[in-house]
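Colleague: Thanks for sitting down with me. Could you walk me through this model, one question at a time?

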Amino acid sequence: MTETVRARILIVDDEQGPRESLRMILSPSHEVLCARNGSEALEVLQTAPVDLVTLDLNMPGVKGDDLMHTLRAEYPELEIIVITGYGTLESAAEGVRAGVCDFLQKPFDVVQVTAAVTRALSRRRGRRRLVGFLESLGDLVGRESDVRSVLRELSAKPGLRDEASELLETAGSAARQDGSAGQRTVQFLELLALTIESQVETMRGHARRVSFYAGMLAQRVGLSSGEVERVRIAGFLHDLGKIGIPSGLLLRPDALEPDELSLVQRHPEIGARLVQPIGVSSHVVDAIRHHHERWDGSGYPHGLAGEQIPQLARVVTVADAYDAMNSDRPYRSALDPERVRQELEAGVASQFDPELAKEFLLLVESGACDEDVQATASPWALAESQDRSGGAGRAADAAEGDAR
Ligand SMILES: [Fe+2]
Ligand SMILES: [Fe+2]
């Protein structure tokens with residue numbers, strides 16, 4: 001359903017008076033169907049797709065609350081507004097448990113009905129866009145089964161699902177308003193990144209830590225506050241494209257075949273393509289796309305070299321490599337601190353922007369990377385924490401690596 005298509009609303013009420021007044025209120029803007037009882041309602045639903053049901057709880061025959069549970073179970077995407085003449089707290093609580101969106105008590109007025117219907121349809125639009133977005137991940141990467149598991153996880157947690165769909169609902173307009181990454185857009189993407197991370201144990205915590213290190217490095221080398229914010233966002237989202245990579249490849253302890261490796265190496269491009277349509281800053285998109293380029297030009301996806309590589313991507317690369325070396329990988333254990341330092345030094349001017357790598361080494365040596373980054377939840381919380389301490393953090397749990 002889009003803004004321009006009329007929503008289809010089914011009014012279920014045994015009393016003619018309220019049924020007719022609802023029909024009169026709603027029919028100028030929506031397509032309205034009516035049912036006098038639960039069995040009629042189920043018949044209608046079998047023949048016509050419906051967006052929203054207004055449901056009288058007090059009906060003869062199939063009871064309103066039984067119908068409510070049936071609708072929830074059989075039509076999980078349906079929005080339900082309960083309208084009741086005896087709206088007790090118990091029926092409200094029961095409705096909330098059953099996933100009902102709103103309650104209206106008889107006698108209702110036009111304003112209350114219109115507001116409740118608008119809210120419910122807006123939630124429905126948000127949810128459908130979320131589902132569409134997640135399904136497009138499947139189309140994009142041909143890994144539908146894992147997209148389904150993300151969807152399952154989302155639907156098993158109504159709070160998470162509602163939060164995500166509401167964030168998505170406002171995402172486009174927020175992004176359009178200021179021409180940069182709307183904060184709510186990014187919050188949605190964070191939620192998505194965390195949901196995806198939760199599917200692959202070895203990815204847990206990596207996004208958050210890379211965001212933290214990258215933000216710290218950006219601050220240290222004097223990037224503007226806007227750039228620092230964008231680098232934190234890019235750090236958080238840099239591996240989002242791994243949704244497109246079979247987790248078997250990410251988890252495999254031994255070396256990958258060349259064709260498998262090239263599949264893994266698609267993740268920066270997939271991540272950039274996922275984020276782009278949602279309206280985040282093009283600098284963030286570029287940082288995601290190029291976070292595996294190398295200073296000497298031997299990286300991917302485009303083999304850019306030196307300052308051809310966007311600066312924010314170069315910052316994320318250092319932070320990403322540091323976290324990967326500091327974490328257990330499916331194919332090796334975490335390196336000891338001295339070895340990490342040596343690897344960073346060895347990567348100067350081959351893998352890393354020399355200036356950035358040198359500054360990051362100084363941060364590591366200062367102990368700034370030893371705080372507990374897990375205490376902070378998101379780039380926004382990270383920003384506050386960094387502003388307070390000027391430091392960075394490190395967490396002990398396993399994370400995925402620089403290459404996979
Ligand atoms: Fe990556
Ligand atoms: Fe990474």
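Modeller: Gladly; the model is predicted, and we can talk through its metal sites, its helix contacts and two backbone details.

Colleague: Let's begin with the metals. Which residues coordinate the iron ion (ligand 2)?

Modeller: The donor atoms sit at 2.1 to 2.4 Å from this iron ion (ligand 2). In sequence, the donor residues follow the spacing H-x31-H-D-x80-D. Put names to that pattern and you have His206, His238, Asp239 and Asp320.

Colleague: What arrangement do the four donor atoms make around the iron ion (ligand 2)?

Modeller: Look at the angles that the four donor atoms subtend around the iron ion (ligand 2): they run from 76 to 173°. Four donors count as tetrahedral if all angles lie between 85 and 135 degrees. With angles of 76 to 173°, the arrangement is therefore irregular.

Colleague: Which parts of the chain hold His206 and His238?

Modeller: The donor residues of the iron ion (ligand 2) include both histidines. They are 32 residues apart, so this pair links distant parts of the chain. His206 is in helix 9, and His238 is in the loop between helix 10 and helix 11 (247-251).

Colleague: And which residues coordinate the iron ion (ligand 1)?

Modeller: Here the donors lie at 2.2 to 2.3 Å, and their residues are spaced D-x27-H-x23-H-H in sequence. The angles subtended by the four donor atoms run from 84 to 172°, which makes this arrangement irregular. The residues coordinating the iron ion (ligand 1) are Asp239, His267, His291 and His292.

Colleague: Which residue bridges the iron ion (ligand 1) and the iron ion (ligand 2)?

Modeller: The two iron ions are 3.6 Å apart. One residue coordinates both of them. That bridging residue is Asp239.

Colleague: Now to the helices. How are helix 9 and helix 10 oriented?

Modeller: Helix 9 covers residues 206-220 and helix 10 covers residues 225-237. Their axes come within 7 Å and cross at roughly 155°. Angles over 145 degrees count as roughly antiparallel. That makes helix 9, relative to helix 10, roughly antiparallel.

Colleague: How do the residues of the contact of helix 9 with helix 10 divide by class?

Modeller: From helix 9, the contact takes in Ala207, Arg208, Val210, Ser211, Ala214, Gly215, Ala218 and Gln219. Helix 10 brings Val228, Val231, Arg232, Gly235 and Phe236. Gly counts as polar here. The division is seven nonpolar, four polar and two charged.

Colleague: What is the handedness of the crossing where helix 16 passes helix 17?

Modeller: The axes of helix 16 (residues 337-346) and helix 17 (residues 354-365) come within 10 Å and cross at roughly 165°. These two helices are therefore roughly antiparallel to each other. In the contact, Arg341, Leu344 and Glu345 of helix 16 meet Phe360, Leu361, Val364 and Glu365 of helix 17. As for its handedness, the crossing is left-handed.

Colleague: How is helix 15 oriented relative to helix 17?

Modeller: The axes of helix 15 and helix 17 come within 10 Å. They cross at roughly 45°, and the crossing is right-handed. That angle makes helix 15, relative to helix 17, oblique.

Colleague: Which residues of helix 17 meet helix 15?

Modeller: On the helix 15 side, the contact uses Arg314, Val315, Val318 and Tyr322. By class, this contact has six nonpolar, no polar and one charged residues. The helix 17 residues are Leu356, Phe360 and Val364.

Colleague: Last, the backbone. Which two residues does a cis peptide bond join?

Modeller: Look in the loop between helix 14 and helix 15, where Pro301 lies. Omega for the cis bond is about 10°. The residues joined are Tyr300 and Pro301.

Colleague: And which residue has a positive phi although it is not a glycine?

Modeller: This one lies in the loop between helix 16 and helix 17. Its phi is about 70°. The residue is Ala349.

Definitions and conventions. Residues numbered from 1 in each chain as written. Chains lettered and ligands numbered in written order. Predicted model: local features only at pLDDT ≥ 70, side-chain atom pairs only at ≥ 80, totals over all residues. Heavy atoms only, no water. Axes fitted to C-alpha atoms, helices over the stretch in contact; angles between N-to-C directions. Helix = DSSP H or I, 4+ residues; strand = E, 2+ residues; numbered from the N terminus. Parallel < 35°, antiparallel > 145°, perpendicular 65-115°, else oblique. Contact = heavy atoms within 4.5 Å. Donors = N, O, S within 2.8 Å, 3.2 Å for Na, K, Ca; no water. Tetrahedral: all angles 85-135°; square planar, octahedral: opposite > 155°, others 65-115°. Left-handed = near helix turned anticlockwise from the far one by under 90°.
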